[in-house]
Amino acid sequence: MSKLAINGGPKAVQSDPGDIFKWPIITKEAEDAALEVLRAGKMSGTDVTMKFEKEYAEWHNMKYALGFNTGTASLHSAMWACGVGIGDEIIGPSLTYWASVLPALNLGATVIFADVEPNTLCIDPKDIEHRITEHTKAIVAVHHHGYPCDMDSIMQIAKKHNIKVIEDASHAHGGLYKGKLVGTIGDVGCFSVMSGKPLATGEAGILVTNDREIYERCVAFGHYERTGETRYAEIEGEIITDPQLKEFAGLPLGGFKYRMHQLSSAVGRVQLKCYKERLEEIQKAMNYFWDLLEGTKGLRAHRPPKGSKSTMGGWFNPKGLYVPEELGNLPVEKFCEAVRAEGVITTPGTTFPLHLHPLFHKADIYHHGKPTVIANTDRDVRQGKGSLPVTESMSAYVYSIPWFKHYRPKIIEEHASAFKKVAENIDELLNS
Ligand SMILES: *Cc1c(COP(=O)(O)O)cnc(C)c1O
């Protein structure tokens, strides 16, 4: 008699999951906050956004926070604020959402991809330094699926070479690296807060920094209505320090309008208030799931070691690590198929590596008469197949796991048991 559901056995998941996966959670208070903005006709103002910024900065214990209409806009601005321009290079991971690196092309710079660490899925500090050139202006550290990057090593490299670090914490709001909130360690921390992300406000982004110059430059790039001296003065009684920003105040230097929609900032303020509690419950639920699977052959948790004072933050689209050698070399696709039959939603693999996408090889976006990625460099920096071996192989070693938003032991146990059952009865799949 077969045990696995894919072969006709009973499913591991029997209970209705209810709203355990539902996200974002929108309360009456959030609805009222949005309605208040609508009724007051303040959708395009900045008063609510400034309150949200203040609260966000306070949560991170940072001097400045700046809201954006998207996380992409915050990264674009942060890159420019860090001095990324024509002929420059940024170093980032290839295994990420495109917005972590792609805006660099718009600034006339190019992207040099570094490999990732197989256990963290984050940029590998050991693969960064040899890629640094006189043109390198910034490293983008993405806390991928919530896992905090090895920031000590990254900061050390950046300091040594006098380059900036931009953290992309869009997957990891509230996550800790050695006890410090992610986003507060680099020169600037960017967050998407669109509705799929752990902190979900609608469609928006926000950044935090302690660097006055970076803050001012981010304002100047895409927040024309906040570049007047008085607006800066409102923040903390200082005036614009950069003479260029002063001279061109009133118009956005980037030519972009990046301010946050106040429906998002109003909802964001309510979400922020609830977030710590929700985050704690997500942490508890996700850690329980992995605790149940500890020791299961072939399966490894994607989370920092216990006792490390590092956490996964919001666990955005969480992943598990797969060790096929321990499971008779069963391909992860086959493994996931069997787990799905048990009543769990799981998909094999990771996102498509950016460095292999044709955009980073052929696209002439700005009519340079050559591919944009090499438009302003005198060496061919394009990275083909085989250039990032770990990144390119990761899809065989990764699968998605359920993203629990509530700690409901029975449902979590059933889901964990589905993974365990397939791993422990792998012979049924290998022999079929
Ligand atoms: C979502 C996301 C972004 C972009 O944010 P938007 O708000 O969608 O523009 C950037 N980086 C990462 C890692 C993301 O997941």
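User: Which residues line the largest cavity?

Analyst: In this predicted model, the largest cavity is lined by Val111, Phe113, His355, Phe360, His361, Val373, Val381, Arg382 and Gln383.

User: How is such empty space located, and how many cavities of 30 Å³ or more does a search of the whole structure find?

Analyst: Rolling a probe the size of a water molecule over the atoms shows where empty space is left. Here, a search of the whole structure yields three cavities of 30 Å³ or more. The largest cavity holds about 50 Å³ of space.

User: How do the residues of that lining divide by character?

Analyst: The lining of the largest cavity comprises five nonpolar residues, three polar and one charged.

User: Turning to the ligand, how many residues surround it, and which are the closest?

Analyst: The ligand is surrounded by 16 residues, of which Thr72, Asp168, His171, Ser192 and Lys197 are the closest. This shell divides into six nonpolar, eight polar and two charged residues.

User: Which helix gives the most to the shell around the ligand?

Analyst: Helix H3, spanning residues 71–81, gives the most, with three residues.

User: What distances separate the ligand from N or O atoms in the side chains of aspartate 168, histidine 171 and serine 192?

Analyst: For aspartate 168, a side-chain N or O atom lies 2.6 Å from a nitrogen atom of the ligand. An oxygen atom of the ligand is 2.7 Å from an N or O atom in the side chain of histidine 171, and for the side chain of serine 192 the distance from a ligand oxygen atom to an N or O atom is 2.6 Å. On its own the ligand has 380 Å² of accessible area, and the protein covers 95% of that area.

Key:
Residues numbered from 1 in each chain as written. Predicted model: local features only at pLDDT ≥ 70, side-chain atom pairs only at ≥ 80, totals over all residues. Heavy atoms only, no water. 1 Å grid on protein atoms, 1.4 Å probe; cavity = no way out; pocket = protein on both sides within 12 Å on 5 of 7 lines; lining within 4 Å. Points joined across faces, edges and corners; volume = space filled by probe spheres on them. Nonpolar A, V, L, I, M, F, W, Y, C, P; charged D, E, K, R; others polar. Near = heavy atom within 4 Å. Polar contact = N/O pair within 3.5 Å; in protein donor to acceptor, adjacent residues only side chain to side chain. Areas by Shrake-Rupley, 256 points an atom, 1.4 Å probe, with all protein chains shown as cover. Helix = DSSP H or I, 4+ residues; strand = E, 2+ residues; numbered from the N terminus.
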